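Here is a short briefing on one structure. It covers salt bridges, a chain-to-chain interface and internal space.

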Amino acid sequence: MTVAVSFSGVTRHFGTVRAVDGVDLDIAEGEFFAMLGPSGSGKTTCLRLIAGFEQPTGGDIRLFGQSVRDVPPYRRAVNTVFQDYALFPHLNVLDNVAYGLMIAGKGKTERYRESEAALDLVALPGYGGRKPSELSGGQRQRVALARALVNKPRVLLLDEPLGALDLKLREQMQEELKSLQRQLCITFVFVTHDQGEALSMADRVAVFNQGRIVQVGSPEDIYYRPEVPFVADFVGSSNILPPILTGLSALAAIRPEALRLTDTGTPATVTAVNFLGAATRVALDANGSRMTALLPKGAVRPTVGASVKVSWDAADLHQMKGGA
Amino acid sequence: MTTAPGLGGRISDRLWRSPGLVVFLLLTPPALWLGVIYLGSLFALLAQSFFSIDEFSGMVNREFTLKTYAELFTPTNLDIILRTVVMATLVTIASAIIAFPIAYYAARYAKGRWKAVFYLGIMLPLWSSYLVKVYSWKLILAKEGIISWFFEVLHLTWLLDAFLAIPVIGGNSLSVSPTGTFIVFVYVWLPFMILPIQAALERVPTSMIEASGDLGAAPGQTFRHVLLPLALPGVIAGSIFTFSLTLGDYIIPQIVGTSARFIGLAVYQYQGTAGNIPLAAAFAVVPIVIMGFYLWWAKRRGAFDAL
């Protein structure tokens with residue numbers, strides 16, 4: 001396995017703010033890697049460090065084994081799809097896509113041919129003559145993608161590229177990005193605050209909190225086996241159970257769908273009931289511990305205020321690191 | 001239920017019911033100002049330029065003729081026009097070159113308090129009297145002035161002398177040379193160039209610059225292919241100020257520089273001492289025509305597309 005991007009002990013401080021605070025990370029070549037976290041968690045700064053728009057305060061970043069300390073953005077074999085797309089308003093779509101090739105000194109016919117091909121790739125054939133202002137948000141997003149991909153980068157960086165799109169378009173673009181990545185075999189580093197997006201698209205996910213990576217793993221790891229309460233809480237809404245309820249030595253996470261209402265078990269009070277269609281979400285209070293159960297269709301629906309008993313299989317409990 | 005409104009209330013109600021009346025009331029004073037005072041005097045001027053002066057009596061002959069315009073093309077007058085246009089062009093180019101880095105700094109890096117310092121620094125000279133500034137420059141540029149002194153301290157007086165010995169741009173001292181006129185023009189009009197460029201650069205998002213670098217462009221290439229095209233409307237807006245202000249100014253060349261005349265000075269002298277109103281009017285039309293062509297060219301370059 002070739003390591004495409006490698007962080008060792010990377011920090012980036014802005015004054016007293018530790019935007020990135022000691023990050024170690026290896027991203028393999030050809031991987032679809034997601035950086036997930038709330039805003040201000042340092043994920044975008046990490047992306048900008050890879051692109052070269054920011055310089056690390058400490059630590060080292062390597063691209064394909066080469067340290068990129070003091071290497072300016074325009075000498076790095078990475079390209080970025082910006083959150084606001086950053087299309088050049090004074091150039092038409094074709095010239096936008098061809099920009100990188102023009103800078104690289106390619107002839108007009110060659111760069112236009114390659115740019116047309118890139119526009120085909122993102123399903124915008126024949127749009128070259130338009131100005132960016134004449135395109136919809138989704139189309140601009142595709143142009144930004146084509147503009148980055150036409151340079152054949154070894155790593156493609158995507159900064160919340162789907163954030164500005166409506167839900168339906170976003171789901172469609174998720175599919176297309178995923179298949180593009182498989183087709184081109186380029187390393188994708190994808191920044192998002194949407195856990196659903198990260199889990200559905202990425203091969204591996206790094207969860208960021210307060211400038212640090214709190215967990216790296218496959219989407220299944222992140223979802224079913226959160227290592228710290230933050231991940232359990234941020235990635236979907238896992239219940240965090242204290243040792244007193246589980247008999248374990250540390251906090252444990254359990255998915256809402258693994259909780260059942262039974263005749264025996266931990267006594268709890270129903271605080272809310274929400275019908276979701278395929279399931280019913282029941283909020284419970286077990287002697288001060290709040291939890292949420294997802295009951296399948298057909299299960300008996302309790303009423304608010306009722307006293308019930310909650311049980312689970314010990315196998316579904318995932319014990320987290322650290323004490324209570 | 002309603003109560004009977006007072007006079008003020010009735011006026012409010014009337015205005016509320018007819019927005020058209022509000023627009024009419026708001027626009028009438030500026031329309032009168034622009035239509036009657038400005039355009040009216042402009043047309044009066046235009047009309048005057050088609051009259052001629054009787055060389056013997058010195059009286060204005062109110063008959064349509066192009067004779068006065070033909071006079072503009074005599075060598076002396078052509079010389080004045082050419083000198084003014086060349087000066088205005090050079091002042092505009094120099095202002096743009098000096099203004100761009102200042103505007104770029106202000107738009108990209110200045111934050112909070114430094115932004116205020118920037119605006120104050122740019123605007124402060126505009127608040128002091130124009131004449132005071134020009135006379136100060138006369139002192140600065142004079143033979144006994146600080147610039148000569150500075151060259152002397154550096155033992156570079158020979159360099160200044162060599163420069164002043166250059167025929168067209170030199171003179172006895174900087175304050176009586178065309179170079180002096182040029183320096184003062186650039187100083188006085190510079191804020192009018194900085195502010196529009198700064199406004200244009202302010203509208204260019206940082207991500208645009210980063211995207212250019214990300215796609216392989218070195219800073220120089222980013223400047224040429226992204227920053228300059230996007231700032232061009234600002235540069236052209238600024239150049240309209242510096243160019244037209246230099247074309248029309250008649251005070252600076254009188255105080256600093258040689259006795260060679262500029263259009264503004266010619267207008268001033270023909271309508272004043274010489275009493276040749278038609279020729280003064282014809283001269284005054286020249287900058288208007290030049291600016292007309294300039295604006296037409298700027299529009300074709302897309303300078304107003306972003307407005």
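This is a predicted model. In it, A:Arg154 forms a salt bridge with A:Glu29, with the closest N and O atoms 3.8 Å apart. That spacing falls inside the 4 Å limit for a salt bridge. The two partners are 125 residues apart and link distant parts of the chain.

**Salt bridges**

- A:Arg154 lies in the loop between helix 4 (137–149) and strand 7 (155–159) of chain A.
- Its partner, A:Glu29, lies in the loop between strand 2 (17–28) and strand 3 (32–36) of chain A.
- Over all chains, the structure holds 17 salt bridges.
- Between chain B and chain A, the count is one salt bridge.
- That bridge pairs A:Arg48 with B:Glu210, and their closest N and O atoms are 2.6 Å apart.

**The interface of chain B and chain A**

- On the chain B side, 19 residues are in contact with 21 residues of chain A.
- The two chains bury about 1700 Å² between them.
- Carbon and sulfur atoms account for 64% of that buried area.
- Three residues, B:Glu210, B:Asp214 and B:Leu215, supply 41% of the area that chain B buries against chain A.
- No other three residues of chain B supply more of that area.
- B:Glu210 thus appears twice here: in that trio, and in the salt bridge with A:Arg48.
- Seven residue pairs are in polar contact across the interface, counting pairs with both residues at pLDDT 80 or more.
- Helix 10 (206–214) and helix 11 (219–248) of chain B are the elements that give two or more residues to the side touching chain A.
- By class, the chain B side has 10 nonpolar, seven polar and two charged residues.

**Internal space**

- How many cavities of 30 Å³ or more does a search of the whole structure find? The search finds one.
- The largest cavity holds about 50 Å³ of space.
- Its lining consists of A:Leu49, A:Gln55, A:Pro56, A:Gly59, A:Asp60, A:Ile61, A:Val68, A:Arg69 and A:Arg76.
- Which element gives the largest share of this lining? Strand 4 (residues 58–63) of chain A does, with three residues.
- The lining divides into four nonpolar, two polar and three charged residues.
- The charged residues of the lining are A:Asp60, A:Arg69 and A:Arg76.

Key:
Residues numbered from 1 in each chain as written. Chains lettered and ligands numbered in written order. Predicted model: local features only at pLDDT ≥ 70, side-chain atom pairs only at ≥ 80, totals over all residues. Heavy atoms only, no water. Contact = heavy atoms within 4.5 Å. Buried area = accessible area lost by both parts, 1.4 Å probe. Salt bridge = Lys/Arg side-chain N within 4 Å of Asp/Glu carboxyl O. Polar contact = N/O pair within 3.5 Å; in protein donor to acceptor, adjacent residues only side chain to side chain. Helix = DSSP H or I, 4+ residues; strand = E, 2+ residues; numbered from the N terminus. 1 Å grid on protein atoms, 1.4 Å probe; cavity = no way out; pocket = protein on both sides within 12 Å on 5 of 7 lines; lining within 4 Å. Points joined across faces, edges and corners; volume = space filled by probe spheres on them.
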